[in-house]
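Subject: Structure handover

Hello,

I am passing on the structure below for you to look through. My notes on it follow.

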Amino acid sequence: MVVHATFCTPDAQFDGWRGGPTPYCTRRAQIGGRAGDVSEPDILITGGTIVDGTGAPGRAADVAIEDGRIRIVEPGTSEAEGAGHMIDATGKVVAPGFIDLHSHSALMILADPHHGPKVRQGVTTEVVGVDGLSYVPFPDPDDLRAMVHMNAGLDGDPRDDEGARGTATGAGRPITIDWATVEDVLARYDSGTAVNVAQLIGNTPLRIAALGWDDVPTTPAATGNMRSRLREAMEEGAFGVSSGLDYPPGAYATTDELADLANESARLGGMYHTHVRYALGDRFLDPFREAIEIGRRGEAPAHITHFYHRETFPGTPDQMLELVDDAVAAGQDVTFDLYPYEWASTRLLILIPIWVQAGGPLRTKERLADPVVRERIRQDLAARGQLFAGKGGLRDIRIGYLRRPENLRWEGRTLGELIDDAGTDPVDALCDLLLSEDLRPNEITPGPHLEGTRRFLRHPGAMIGTDSVFVAARPSPRTYGSYPRILGQFVRDEALLGLEEAVRRMTGAPAARLGLRDRGVVRDRAIADLVVFDPATVRTDATIDDPTADPVGIDHVIVAGTQVVDGGRPTAALPGRAMRRGRD
């Protein structure tokens, strides 16, 4: 028999608008023997419709899984006898496992490796080290501890029981954070997780190692230091460099400094993955212009993460898309991801101006306690307006991940309620809460405008990144519901885009963006990262008031040939591992 399989050449380029590897791949035939030479499958998925991740129309076929790899079985070929496990997918879709381009699970997945909020959605691989906030490389362990401290409201601090508990459904256990290099942390992920993990290198640890925590300009020697550390990290398996230009000290980096790092990443086959500088210029288009310019100067693929439009923006979503389209038309590689919810979430500390945070957590706390500094913060926040909040400003922000007994009653409630109860000035209430909770709180705010999200989702360059956060009793519902919301509401109910195209945005396109050659597609010899879902029933019930509701209609999730979800329930298997650039 002849079994056709698609293989990418090592230097395959990314086609941002088509997303899959097909345009840059060659097809070759593997010549096998008689049908009887085919080994018995470990798992056989029968009766389903394969939606393969390339955007091609779905087709009827069975899927055999042998030694963690896929073999397509054409209709009418009986292989049920001898299969180790049978999955009846009649009326259901068999698709590649979803690849999440933005997750804040770097620490919390080690505390709770079963990763229920994501595997139940069909996620099999996710990208960490986003927003410039990776936990490697850190040659100085004191700086690593300070990074965990400063960023606890976003990525969690699972070094003790309270910190490891995560969300309302979390079951985390404390971990030791004692690594220094990419190689070290990838070995920790290899020790057992439910999903695969791809590591980006944040510009923040690079800047800390070269220049410290203060707002100081780089020098040629410091830039060379950062490039060298990034090069070493990518040689150990990282997929590129990220920036988060609202989070100090990475936010102190200039456009030129970031272009240098983007260039180093591109030289090694990586990308520039960016949370843009939202406070820049007109605070609407200028942040995205800078991101595109960094990619252009650095001759690097530029990937804009959590691309969204707020109701408070002065222009339209189409104006934002025009920037991307114009850059692509000029020959630049620019892509973006989005999450399908109206609720943003990050560390509460983002509300504090970046100059207050210079020097790290101890200096930050000293300034927050200073009445003179608080007055300057008031002035800055008044001038900044609603940049990091909804129409209601500070009062609309929901707070969580609280530890102190006297503060637990405010978990999941608004800052406005706390301000009214305290009877104090809003800035005093904010600073007092940050100090009493040791900078740890998380915030949830009204975020993306849903009409803008719909517009972006229809764009052929869109991919999905959940921006999921695994702290607070009531997190943003995007952590639990992003993929089923797209498949249920936006694909089935609203018909914003076709099923095959939606699956491509979640699988083949992000796989190509990362350079993963054997994931994100259902084809012979691809790694068996798969999801089986019911297109007629898939949905999420996760809302801002009930954010941890489990999805409906996602029945089976398989990672490297092992089921992590069976019949809609997690199995407790931990087949995931660290991805390594150029080796996966």
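Strand β18 is a good place to begin, as it gives 3 residues to the lining of the largest cavity, the largest share of that lining. Please keep in mind that the model is predicted.

On the cavities: a search of the whole structure finds 5 of 30 Å³ or more. The largest holds about 170 Å³ of space. Its lining is made up of 20 residues, and those nearest the centre are Tyr247, His275, Tyr308, Ala344 and Thr346. Two elements, β18 and β20, give two or more residues each to this lining. By type, the lining residues of the largest cavity divide into 8 nonpolar, 6 polar and 6 charged.

The second largest cavity has a volume of about 110 Å³. Around it are 14 lining residues, with Met108, Asp112, Thr167, Gly170 and Phe470 nearest its centre. Here the division is 6 nonpolar, 6 polar and 2 charged.

Back to β18 and β20, this time as parts of a sheet. Three strands form an open sheet in the order β18-β20-β19, with antiparallel pairing. The edge strands are β18, residues 343-347, and β19, residues 398-400, and each of them pairs on one side only. From one strand to the next, the twist averages 25°. Strand β20 covers residues 442-446 and is joined to β18 by 5 bridges, the two running antiparallel. Within that pair, Arg347 stands opposite Asn442 of β20. As general background, the strands of a sheet pair through backbone hydrogen bonds, in either a parallel or an antiparallel way.

The last item is a pair of helices. Helix α3 spans residues 141-150 and helix α12 spans residues 361-368; they pack at an angle of about 45°, and their axes are 9 Å apart. How are α3 and α12 set relative to each other? An angle of about 45° is neither under 35 degrees nor within 65 to 115, so α3 and α12 are oblique to each other. On the α3 side the contact is made by Ala146, His149 and Met150, and on the α12 side by Pro361, Thr364 and Lys365. The residues of this contact divide into 3 nonpolar, 2 polar and 1 charged.

That is what I have on this structure.

Regards

Notes: Residues are numbered from 1 along each chain as its sequence is written. This is a predicted model: local features need pLDDT of at least 70, side-chain atom pairs count only at pLDDT 80 or more; totals for chains, interfaces and linings use all residues. Side-chain values use heavy atoms; hydrogens and water are left out. Two strands pair if DSSP finds at least two bridges between them. Helices (H or I, at least four residues) and strands (E, at least two) are DSSP runs, numbered from the N terminus. Axes are lines fitted to C-alpha atoms, for helices over the stretch in contact, and angles run from 0 to 180 degrees between N-to-C directions. On a 1 Å grid over the protein atoms alone, a cavity is a set of points where a 1.4 Å probe fits but cannot get out, and a pocket is an open set with protein on both sides within 12 Å along at least five of seven lines; lining residues have an atom within 4 Å of a point. Grid points are joined across faces, edges and corners, and a volume is the space filled by probe spheres set on the points. Ala, Val, Leu, Ile, Met, Phe, Trp, Tyr, Cys and Pro count as nonpolar, Asp, Glu, Lys and Arg as charged, and the others, Gly among them, as polar. Angles under 35 degrees count as roughly parallel, over 145 as roughly antiparallel, 65 to 115 as roughly perpendicular and the rest as oblique. Contact means heavy atoms within 4.5 Å.
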